[in-house]
Amino acid sequence: MSELDAKNIALLIDADNVNPKGIDSVLTVLAELGQVNIRRAYGNWAKDALKKWGDITNRYGIRPHQQFDLTRGKNATDMAMSIDAVDLLYQGKVNGFGIMSSDSDFTPLVTRLRQDGLPVYCFGDSKTPQALRTACTRFIDINKLMQGDKRSQSGNNQKSSPKRSGDGAIDASGVNDDGIEDELIELLGEAWKASDRDDEGYARLQQVGQIAGNRSSFDVRNYGFKQLSEMVRSLDRFDIKRGDDGQLYVRRLR
């Protein structure tokens, strides 16, 4: 994609609500959508808690937006962000959004942006309410995203596949025994069933991933992987192969 053809992406950051450490990883993910030409961080910059954000705004070309707390104990950041997002939407110059926040108050905003057909990638933490997670095109846990990036970097020197612990959990991927793996397998299994399969039961991995993504805010980076193929290979309930056409195909085993 050339610079002239690249989509225009807006990244809006709730600085009161998220840690700045993951900004590198977030910008890398948003590059999938296009160029992040609009970068804004909202908060009350008089607060000591936002000092870390203030230190990196110039480095990453992020424009800080001051929003004073209008009432003690509450902030007006979410309202300011929402107004700006809707303004950008109606200007018609933005092709997608990134929202960095774990605040469920942004759920109606995300839903509205998606109604106009724009992708909205949300970045938060593990405590992000389910309502916001499911409203997004993709929800990505920033901490798990950074862990995956670190694992990928270390893998450049020493490649290794995710290994299962003795109790059946994948110890390096973020998939564990508290129900996450079962939910993931069910999601992929249902997507596989809904896909076009050949006589041997194999479906195109790309189609399975698309169906899974349409049914939820599923993203492999939340499980410590970079690609869907890597994650599927780590799950012993699926078989994956490369077809004569060069594409990857997957079949559920049990």
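## A buried serine in α9

Ser234 counts as buried because its relative accessibility is 9%, and buried means under 20%. This residue belongs to helix α9, which covers residues 228–234. Where does the side chain of Ser234 reach? Its partner is the backbone oxygen of Met231, at 2.6 Å. All of this is read from a predicted model, so please take the values here as computed from that model.

## The overall picture

Stepping back, the protein has nine helices and nine strands. It has 254 residues, and 48% of them count as buried. Among contacts with a separation of 6 or more, 57% join residues 24 or more positions apart.

## The largest nonpolar core

Let's turn to the core. The largest nonpolar core holds 25 residues, and those that touch the most other members are Leu11, Ile13, Ile23, Leu30, Trp53, Met100 and Phe123. Which elements supply at least two residues each? They are β1 (8–14), α1 (23–30), β2 (35–43), α2 (51–56), β5 (120–124) and α6 (142–155). Of these, α1 gives the most, with five residues.

Helix α1 is mostly covered, as six of its eight residues are buried. Those buried residues are Ile23, Ser25, Val26, Leu27, Val29 and Leu30. Met100 offers a good view of the surroundings: leaving out residues up to four places away in sequence, it touches Leu11, Leu12, Ile13, Asp14, Val18, Asn19, Ile23, Val26, Trp53, Phe123 and Ile142.

## Ser102, in the loop after β4

Ser102 sits in the loop between β4 (96–100) and α4 (107–115). Is Ser102 buried or exposed? With a relative accessible area of 12%, Ser102 is buried, because the cut-off for buried is under 20%.

The side chain of Ser102 makes a polar contact with the side chain of Thr128, at 3.1 Å. Thr128 also appears among the contacts of Ser102 beyond four places in sequence, together with Asn17, Val18, Gly124, Asp125, Pro129 and Leu132. Val18 is a shared neighbour, since it is touched by Met100 and is in contact with Ser102.

## Trp45, partly exposed

Now for a residue in another loop. Trp45 lies between β2 and α2. Its relative accessibility is 21%, so Trp45 counts as partly exposed; the buried class takes in values under 20%.

How far apart are Trp45 and His65 in sequence and in space? They are 20 residues apart in sequence, and their C-alpha atoms are 8.3 Å apart. A polar atom of the Trp45 side chain lies 3.0 Å from the backbone oxygen of His65. Beyond four places in sequence, Trp45 is in contact with Ala15, Leu50, Trp53, Gly54, Pro64, His65 and Gln66. Trp53, in that list, is also one of the core residues that touch the most other members.

## A cavity with a nonpolar lining

Finally, the empty space. Rolling a probe the size of a water molecule over the atoms shows where such space is left. A search of the whole structure finds one cavity of 30 Å³ or more, and the largest cavity holds about 40 Å³ of space. Its lining consists of Leu188, Trp192, Leu205, Val208, Val232, Phe238 and Val250. Two elements, α7 (180–194) and α8 (205–215), give two or more residues to this lining.

What classes of residue make up the lining of the largest cavity? There are seven nonpolar residues, no polar residues and no charged residues.

Conventions: Residues numbered from 1 in each chain as written. Predicted model: local features only at pLDDT ≥ 70, side-chain atom pairs only at ≥ 80, totals over all residues. Heavy atoms only, no water. Helix = DSSP H or I, 4+ residues; strand = E, 2+ residues; numbered from the N terminus. Buried < 20%, exposed > 50% of the residue type's maximum accessible area, 1.4 Å probe, protein only. Polar contact = N/O pair within 3.5 Å; in protein donor to acceptor, adjacent residues only side chain to side chain. Contact = heavy atoms within 4.5 Å. 1 Å grid on protein atoms, 1.4 Å probe; cavity = no way out; pocket = protein on both sides within 12 Å on 5 of 7 lines; lining within 4 Å. Points joined across faces, edges and corners; volume = space filled by probe spheres on them. Nonpolar A, V, L, I, M, F, W, Y, C, P; charged D, E, K, R; others polar. Core = buried A, V, L, I, M, F, W, Y, C linked by side-chain atoms within 4.5 Å.
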